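Here's a quick walk through a protein model, written for someone who'd rather be at the bench. Have the sequence and the 3D view open as you read.

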Amino acid sequence: MKKQVAIVGAGIMGLSCAYYLLEEGHQVVVYDQAKTGRGTSYVNSGYMTPSHFTTLVNPGVLRSAFRYLLDPSGPLFIKPNLDYQFLKWGIRFVLNANKKNVKNSENTLLNMSFLSKELYGELNKKLNFDFGFTETGLLQTYRTSKVEQSEKKLAKRARELGLEVVHLSKQEVDQMQKAPMNIQGAYWYKDDAHCTPDVFMNHIYQYLIKKGVQFEFGTEIIKLKKSQSNIVSFQSKNNTYQADQIVLANGSWTGKLLKTIARDLSLQPGKGYSFQMDNTDIEMPAILTESKVAITPMLGKTRIGGTMEISGFNMQLKKNRVESIRRAAQSYYPTIDFSVKKCQNIQMGFRPLTPDGMPYVGRMDGCSNLIVATGHAMVGWSLGPVTGKVVSEMVSNKKTSIDVSRCDPNRKI
Ligand SMILES: Cc1cc2nc3c(=O)[nH]c(=O)nc-3n(C[C@H](O)[C@H](O)[C@H](O)COP(=O)(O)OP(=O)(O)OC[C@H]3O[C@@H](n4cnc5c(N)ncnc54)[C@H](O)[C@@H]3O)c2cc1C
């Protein structure tokens with residue numbers, strides 16, 4: 001049965017949900033507080049990552065947190081904060097940074113990534129635009145023997161899970177592209193892919209408009225109103241709206257909106273930066289592991305992204321962080337000119353971080369018409385289409401294509 005569906009948020013989650021809901025024959029309206037063309041889903045590194053089967057919340061992240069805590073330009077920064085929600089999130093994060101959480105999350109992350117990459121591939125064939133979808137895999141590089149050892153362990157686990165991972169020497173990496181790299185070696189995750197997010201977002205938005213999806217930009221949804229078992233309406237500053245089903249895909253802000261119906265969805269924004277350069281000598285996407293910087297060739301340009309700054313909804317563009325990303329990139333690609341004047345389009349975005357590193361995808365208990373699709377942290381670009389597909393199946397009361405019970409938003413964390 002055709003339903004009227006309201007989606008809050010026009011990032012990759014919102015637009016993916018809109019696309020698959022439309023395919024299921026539903027009528028869709030998307031609300032966003034911002035204008036189109038901005039935000040996390042436009043500025044990210046565009047990786048589609050079966051390789052990222054390890055949840056962000058793992059024992060290693062705690063070690064990194066302690067190591068970088070006092071370094072103001074380090075790749076991970078946590079601003080101490082006495083806010084109750086932040087403290088609760090932080091305690092849950094620490095309690096979940098263990099091997100059990102990693103193991104319990106692996107299969108779901110892997111299955112979701114594989115299906116999502118397949119869906120991007122389908123979209124690449126079906127939609128008539130080039131968003132730079134490229135299946136050349138991802139290089140996970142290393143410079144030190146310590147990182148080599150941890151990458152070797154990760155590659156072993158990846159192979160056990162069925163991923164194709166090849167070890168490469170520096171010379172072998174250098175044969176793959178024009179720009180030589182200052183590294184010891186790399187693990188090549190051949191199942192990964194990448195694309196150009198802003199190009200994809202702009203085109204799919206145009207496609208959705210043509211197909212009848214309605215967009216209300218500049219509309220912040222500030223309040224949900226609930227009866228005993230349903231969301232009866234939702235409000236912006238000037239209007240009250242109703243829909244058969246409501247999908248909250250508003251990224252890092254979703255927890256705030258759910259608080260208006262007294263629901264606790266623990267989320268913190270993890271700020272990251274990216275910039276671009278006109279360069280075509282880099283042909284392989286690569287993670288500069290020691291510096292935690294991501295490099296992506298994007299339709300003739302190169303995007304450089306990095307840092308995880310947990311400091312609330314702070315829109316400030318911190319120059320020292322961008323500078324440390326730039327310097328790291330320069331040291332890995334000595335023949336490329338990464339001087340400040342070459343770096344264009346410096347932007348930031350908020351990754352929605354859950355305390356166990358797993359997304360929230362599913363219906364909220366006690367609200368039969370409310371679905372949440374957020375909390376994808378570092379893999380939100382990768383998992384956009386699969387999340388949209390699963391949400392559309394939930395709205396249509398169908399069995400989901402994939403088991404996402406591990407992403408239940410009602411889970412105890
Ligand atoms: C530097 C960087 C690099 C990254 N690289 C990768 C990568 O290579 N691969 C990968 O998989 N992931 C990557 N990510 C993560 C990925 O970008 C995010 O997980 C993903 O974009 C989140 O999408 P979203 O739709 O949930 O949220 P968003 O893109 O943040 O969209 C949420 C939208 O909701 C709107 N909104 C919020 N509140 C309201 C409200 N109350 N009313 C109306 N509208 C509202 C916002 O304006 C926004 O447009 C990266 C992130 C960063 C910062």
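What follows covers the core, the ligand shell, one helix pair and two backbone oddities.

Keep in mind that this is a predicted model.

**The core**

Let's start inside. The largest nonpolar core has 105 residues, and the members that touch the most others are Ile-7, Cys-17, Ala-18, Val-247, Ala-373 and Val-391. Helix H1 (residues 12-23) gives this core its largest share, 8 residues. In general, nonpolar side chains tend to be buried together in soluble globular proteins.

Cys-17 is a handy spot to look at. Not counting neighbours within four places in sequence, Cys-17 has contacts with Ile-7, Val-247, Ala-249, Ala-373, Gly-388, Val-391 and Ser-392.

**Around the ligand**

Next, the ligand. There are 44 residues around it, and the ones that come nearest are Gly-9, Gly-11, Gly-251, Gly-272 and Gly-380. Sorted by class, this shell has 20 nonpolar, 21 polar and 3 charged residues. H1 turns up here too: along with strand S2 (27-32), helix H2 (40-43), strand S14 (268-277) and strand S18 (344-353), H1 supplies at least two residues of the shell. S18 makes the largest contribution, with 4 residues.

**Two helices that cross**

Now look at helix H5 (residues 99-126) and helix H11 (residues 384-395). Their axes come within 7 Å and cross at roughly 95°. Angles of 65 to 115 degrees count as roughly perpendicular, so that is how H5 and H11 sit to each other. On the H5 side, the contact is made by Met-112, Leu-115, Ser-116, Leu-119, Tyr-120 and Leu-123, while H11 brings Gly-384, Pro-385, Val-386 and Lys-389. By class, that contact has 7 nonpolar, 2 polar and 1 charged residues.

**Two positive phi values**

Most residues other than glycine have a negative phi. Here are two residues with a positive one:

| Residue | Phi | Place |
|---|---|---|
| Leu-299 | about 45° | loop between strand S16 (293-298) and strand S17 (301-310) |
| Asn-345 | near 55° | strand S18 |

Which of the classes, buried, partly exposed or exposed, does Leu-299 fall into? Leu-299 has 13 C-beta neighbours inside 10 Å, so it counts as partly exposed. Asn-345 has 12 other C-beta atoms within 10 Å and is exposed, because the cut-off for exposed is 12 or fewer. The strand that holds Asn-345 is S18, which also gives the ligand shell its largest share.

Methods. Residues numbered from 1 in each chain as written. Predicted model: local features only at pLDDT ≥ 70, side-chain atom pairs only at ≥ 80, totals over all residues. Core = buried A, V, L, I, M, F, W, Y, C linked by C-beta atoms within 7 Å. Buried ≥ 20, exposed ≤ 12 C-beta atoms within 10 Å, placed from the backbone. Contact = placed C-beta atoms within 7 Å. Near = placed C-beta within 6 Å. Nonpolar A, V, L, I, M, F, W, Y, C, P; charged D, E, K, R; others polar. Axes fitted to C-alpha atoms, helices over the stretch in contact; angles between N-to-C directions. Parallel < 35°, antiparallel > 145°, perpendicular 65-115°, else oblique.
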